[in-house]
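Trainee: Before I use any of these labels at the bench, I'd like to hear what stands behind them. Can we go through them one at a time?

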Amino acid sequence: MDGEVTFWPSGRTIKVKPGTTLLDAARRANIPIRTRCGGKAACFMCKVTVRPGSELQPIADNERRKLSGLEGDNIRLSCQAKVAGKVNVEIPLDPLRSAVARQLARQAEETDELW
Ligand code: FES
């Protein structure tokens, strides 16, 4: 069975071989994921949220240790999580976009309070 990964919020889908990491799948789909350690499970920057029902290979001890409980919230290290079937992945906004979105939301709330 082929693997299939859909990245959100773009909705871009790519077919991959089972065992492909989410980070490699993202790179092949031209979806940027920030990293610093080159995929060695050391920097913790490649975190993604995997939607419930996604088919990944069992989590390895190394990744489980790094996540220290976050895997229960469907957080995974994209450099370590490996595709087993259909997977839906939420890619976090980069920090600059996230800061701009928060600022815009704050301004919208302040504008609403004036009316
Ligand atoms: S790329 Fe550094 S922890 Fe995944």
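Mentor: Sure, polar contacts to begin with: a pair of N or O atoms within 3.5 Å, where within protein one must be able to donate a hydrogen and the other to accept it, and residues adjacent in sequence count only if both atoms are side-chain atoms. Keep in mind that this is a predicted model: local features need pLDDT of at least 70, side-chain atom pairs count only at pLDDT 80 or more, and totals for chains, interfaces and linings use all residues. Residues are numbered from 1 along each chain as its sequence is written, and side-chain values use heavy atoms, with hydrogens and water left out.

Trainee: What makes the backbone oxygen of Arg51 and the side chain of Ser54 a polar contact?

Mentor: A polar atom of the Ser54 side chain lies 2.8 Å from that oxygen, and the limit is 3.5 Å, so the pair fits. Ser54 also reaches the backbone nitrogen of Asn88 with its side chain, at 3.0 Å. Ser54 itself sits in the loop between strand S3 (47–50) and helix H2 (61–67); helices (H or I, at least four residues) and strands (E, at least two) are DSSP runs, numbered from the N terminus.

Trainee: Why is Leu96 called exposed?

Mentor: Its relative accessible area is 64%. Buried means under 20%, exposed over 50%, and partly exposed in between (1.4 Å probe, protein chains only), so the label follows.

Trainee: And why is Leu93 called partly exposed?

Mentor: Leu93 has 48%, so it falls in the in-between class. You'll find Leu93 in the loop between strand S5 (86–90) and helix H3 (95–114), and its C-alpha is 9.4 Å from that of Ile33, although the two are 60 residues apart in sequence.

Trainee: How do you know that S1 and S2 pair?

Mentor: DSSP has to find at least two bridges between two strands, and S1 and S2 have five, in the antiparallel sense; so they count as paired. One of the bridges puts Thr6 opposite Thr13 in S2. The two strands form a hairpin with three residues between them, and Gly11 in the turn has a positive phi of about 80°.

Trainee: What joins strand S1 to S5?

Mentor: Five bridges again, but these strands run parallel, with Glu4 opposite Lys86 in S5. The whole open sheet has five strands in the order S2-S1-S5-S3-S4, with mixed pairing.

Trainee: Why do S2 and S4 stand at the edges?

Mentor: Each has a single partner strand, so one side of each is left without a neighbour in the sheet.
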